[in-house]
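Reader: I would like a close look at one part of this structure, with the reasoning spelled out as you go.

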Amino acid sequence: MAVGDQTEQNYLPKKKKSETEDDKRRKKIVPGSLLKAVVRPGGGDSSPVDGDQVIYHCTVRTLDGVVVESTRSESGGRGVPIRDVLGKSKMILGLLEGIPTMHKGEIAMFKMKPEMHYAEIDCPVSAPENVPKDDELHFEIELLDFSKAKIASDDLGVIKKILNEGEGWESPREPYEVKARISAKSGDGHVIFSHTEEPYFFTFGKSEVPKGLEIGIGTMARKEKAVIYVRKQYLTESPLLHIDQDLEEVHFEVELVHFIQVRDMLGDGRLIKRRIRDGRGEFPMDCPLQDSRLSVHYKGMLLNEEKTVFYDSKIDNNDQPLEFSSGEGLVPEGFEMCTRLMLPGEIALVTCPPDYAYDKFPRPPGVSEGAHVQWEIELLGFETPRDWTGLNFQSIMDEADKIRSTGNRLFKEGKFELAKAKYEKVLREFNHVNPQDEDEGKIFGDTRNMLHLNVAACLLKMEEWRKSIETCNKVLEAKPGHVKGLYRRGMAYIAGGEYDDARNDFNMMIKVDKSSEADATAALLKLKQKEQEAESKARKQFKGLFDKRPGEITEVGSEIREESKTIEEVDETKDNDDDETLEEEGATTVSTERKRKWSEKAWPFLKNVMLQIGIQLGVVLIGILIFQFVSAKFT
């Protein structure tokens, strides 16, 4: 940027801060309506600002010295000071303006006109019963303390004051296991209980501490020390504290000694990862979240009474770790999900249900079908994929080809979701690739189209034919005559029962490229077969429909509904067409297409059926109208 531009930028007007409701109220203050006299100076030079929690005693007197309201016990109050957050709490205008002028420990007397306290128009604070709100009053304020506040609940029922900063940024949450030293005082300073040398242990989310305390601890970092102020509405019964009905608020002093990360991976309590030794780095930034090469030691146990060990890499593999690439289906799904959320050096205990363990994965000896297992996993380290930043075009295309080849292998193994993820990963990276000349542009465009069609093939195998069509459209929008794009989309149309659209795509193949005529002709034959199958099954279901007389139309409709209830799915013939394979692979998969609902196949014939029903129903209605007209004429 030029120097002149920078200078000009420095003089640009700053964005005006939006006016708050308190700012609007301050504009109503007139000279002489609020007067202050210092009774006892405070200490230090700092004063509270917006966002600070202020703790103060307040005594309200009439101008002749009669006490009408006080927080002090010697003046008839409860002895519990007021806690407010400047800029957040509802306060009378005189204190909103006056308290920010005070220092810690200061006692000041504020003389207020009625409009500065409870007689203010639209005052957010209701006047206490004994306070004459239309009179001038003296407010004696002792500012006990102020500090930065962490607001843990919107209604200010839970506020935290940090005494010592913690380590890292992670905080406990359900269902973490927490160790903390906790002491408690009532709002007037009476000790409820002191912390013991041994930290208190509880499970987050199990109501083992008062709700407000748990909310506050949920904002703390490891080894942080803080005071958590909890008001009555958040003081729930728990094993830690019995709640007295007279208890208005409790101040908990908490030192968060340690917490163990426990994660419910599925949200239903079946797959649980429990960290038993911390790793190196910050969670989750230093975890192998993306596909990586991982090195782990692990021990597998059955969840029976004996905790039978069925494999231990340190014993059964001569202390050699297991090395695998994530995202390729090389380990059970539950195993991989949990290792992706581990830090190097971390040890975790994973409890896994059978459908995420070995029911969908080759079972090791000693593990029966339906077995729940537990793995103790130590993540030794991992290597992230090569960063494409700074690579030349050819190197980028080589890296893309490696990932695509892995995707093709996964596709042939029937792991369509994993294969799709590989293709989509390359497509995301391609968003940051800029070819430099025409040759690079052609290679890049062809590769991108091939990847889109591979994604479409995966979607088709996953029975998401509509998404498969949308993915093919990306290729055909870029290159309308793309033969493989037309073929793949035509097959998706067949899967969705949209036979006319499929026929158009196959005919277009022949029109744009004569060399594709054999493939297109085979596809059209397959299309004709599918149409015949759909029509045959529809005729079978609606057999006898058109043998009914007009007067039996209602009965026919009932018959259709009854027969429809018995229709579930129609078997589809196995697709052995070699053209369904991925580009440049030339290998068929062992997977067969699953069943699809009969309505998708039968729609072309059903349209004719509905048309016939409409015609017959029309004839009946016309007949009824003529009969009524003739009857009226001759009566």
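Is Asp 401 buried, partly exposed or exposed? Please start there and then follow the helix around it, and the salt bridges, as far as they lead.

Author: The model is a predicted one, and in it Asp 401 counts as partly exposed, with a relative accessibility of 36%. Asp 401 forms a salt bridge with Arg 404, and the closest N and O atoms of this pair are 2.9 Å apart. Both residues belong to helix α7 (residues 393–412), where they are three residues apart and therefore separated by about one helical turn. Arg 404, in contrast to its partner, counts as buried, because its relative accessibility of 7% falls under the 20% limit for that class.

Arg 404 also takes part in the packing of α7 against helix α9 (residues 438–461), being one of the residues of α7 that make the contact. The two helices pack at an angle of about 15°, with their axes 12 Å apart. Since angles under 35 degrees count as roughly parallel, α7 is roughly parallel to α9, and α7 passes α9 in a left-handed crossing. On the α7 side the contact is made by Phe 393, Met 397, Arg 404, Asn 408 and Phe 411, while the residues from α9 include Glu 440, Phe 444, Leu 451 and Lys 461. Sorted by class, this contact has nine nonpolar, three polar and three charged residues.

The salt bridge within α7 can be set beside others, for a search of the whole structure finds 49 salt bridges. One of them joins Glu 120 to Arg 25, with the closest N and O atoms 2.8 Å apart. Glu 120 lies in the loop between β5 (107–112) and β6 (137–148), whereas Arg 25 lies in helix α2 (residues 21–26), so this pair ties together parts that are 95 residues apart in sequence. Glu 120 counts as buried at 6% relative accessibility, and Arg 25 is buried as well, with a relative accessible area of 10%.

Another salt bridge is formed by Glu 498 with Arg 466, whose closest N and O atoms are 2.5 Å apart. This pair links distant parts of the chain, 32 residues apart, with Glu 498 in the loop between α11 (483–495) and α12 (499–512) and Arg 466 in helix α10 (residues 465–478). Glu 498 counts as partly exposed at 22% relative accessibility, and Arg 466 is likewise partly exposed, at 39%. Finally, Glu 170, Lys 273, Arg 275, Asp 278 and Glu 346 are joined into one network by salt bridges that share partners.

Definitions and conventions:
Residues numbered from 1 in each chain as written. Predicted model: local features only at pLDDT ≥ 70, side-chain atom pairs only at ≥ 80, totals over all residues. Heavy atoms only, no water. Salt bridge = Lys/Arg side-chain N within 4 Å of Asp/Glu carboxyl O. Helix = DSSP H or I, 4+ residues; strand = E, 2+ residues; numbered from the N terminus. Buried < 20%, exposed > 50% of the residue type's maximum accessible area, 1.4 Å probe, protein only. Axes fitted to C-alpha atoms, helices over the stretch in contact; angles between N-to-C directions. Parallel < 35°, antiparallel > 145°, perpendicular 65-115°, else oblique. Left-handed = near helix turned anticlockwise from the far one by under 90°. Contact = heavy atoms within 4.5 Å. Nonpolar A, V, L, I, M, F, W, Y, C, P; charged D, E, K, R; others polar.
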